[in-house]
Amino acid sequence: MPTFSFNHIALSVKDVNVSIAFYQQVLQLDEIKNTASDSKTRWLSLNEGRQLHLIPRPDSIIKTNKAVHFALTTSDMNSFVKELNALNIEYSDWRDTPNKDYIRKDGIRQVYFQDPDGYWIEINDDVR
């Protein structure tokens, strides 16, 4: 049986320029070349060869819920939460308590917020 590792996540977005600006501002992600095609799909680096692909679908209906999310980890949650506050980005814990983080049973701290298309993003401090 082969082994697998994470490569990328792809999201359909209404306005790829708005989404690129959001992810660059909030998560400081660098844009990288879309090597797959000459389409308007744009790629961002999640480091270590992982990528976020933003696929323009201006006429699509995008449905989201918090259980469908992707998570990134940081060793400096306090600075990140301060940045969310400075950018006036609403965040919550898993239970939807506004402007509150959550500490899981295993001690991992996390917050959730949404991108311009409503996709949920979890940031946690699971840097083990």
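Colleague: What is the relative accessible area of D106?
Modeller: D106 counts as partly exposed, a class that lies between buried (under 20% relative accessible area) and exposed (over 50%), with a 1.4 Å probe and protein chains only. The relative accessible area of D106 is 46%.

Colleague: What kind of model is this?
Modeller: Residues are numbered from 1 along each chain as its sequence is written, and side-chain values use heavy atoms, with hydrogens and water left out. Local features need pLDDT of at least 70, side-chain atom pairs count only at pLDDT 80 or more, and totals for chains, interfaces and linings use all residues; the model is predicted.

Colleague: Which residue forms a salt bridge with D106?
Modeller: A salt bridge is a side-chain nitrogen of Lys or Arg within 4 Å of a carboxyl oxygen of Asp or Glu. For D106, the closest N and O atoms are 2.8 Å apart. The partner is partly exposed, with a relative accessible area of 24%, and its name is R104.

Colleague: Which residue in strand β9 is paired with R104?
Modeller: A second salt bridge of R104 has its closest N and O atoms 4.0 Å apart. R104 lies in the loop between β7 and β8, so the pair ties together parts that are 18 residues apart in sequence; strands (E, at least two residues) and helices (H or I, at least four) are DSSP runs, numbered from the N terminus. The partner is buried, with a relative accessible area of 5%. Shared partners join R104, D106 and this residue into one network, and the residue in β9 is E122.

Colleague: Which residue meets D101 in a salt bridge?
Modeller: The structure holds five salt bridges, and in this one N and O are 2.3 Å apart. D101 is partly exposed at 22% relative accessible area, whereas its partner is buried at 18%. That partner is R109.

Colleague: How far apart are the end C-alpha atoms of helix α1?
Modeller: The expected span of a helix is 1.5 Å times one less than its number of residues. Helix α1 has twelve residues (16-27), so the expected span is 16 Å. The distance in the model agrees with this: 16 Å.

Colleague: Within what arc do the buried residues of α1 fall?
Modeller: The buried residues are V16, S19, I20, F22, Y23, V26 and L27. An α-helix has 3.6 residues a turn, so residues three or four places apart point the same way. The arc is that of the directions from the helix axis to the C-beta atoms. The buried residues line one face of α1, because they fall within an arc of 160°.

Colleague: Which residue caps the N-terminal end of α1?
Modeller: A side-chain oxygen of the capping residue lies 3.0 Å from the backbone nitrogen of N17. At the other end, α1 is followed by Q28, whose phi is positive, near 55°. The cap is D15.

Colleague: Which side chain of opposite charge is nearest to D117?
Modeller: D117, in the loop between β8 (109-114) and β9 (120-124), is buried yet has no salt bridge. Lys and Arg count as positive and Asp and Glu as negative; His and the chain ends are not counted. The nearest side chain of opposite charge is 6.4 Å away and belongs to K14.

Technical notes: Polar contact = N/O pair within 3.5 Å; in protein donor to acceptor, adjacent residues only side chain to side chain.
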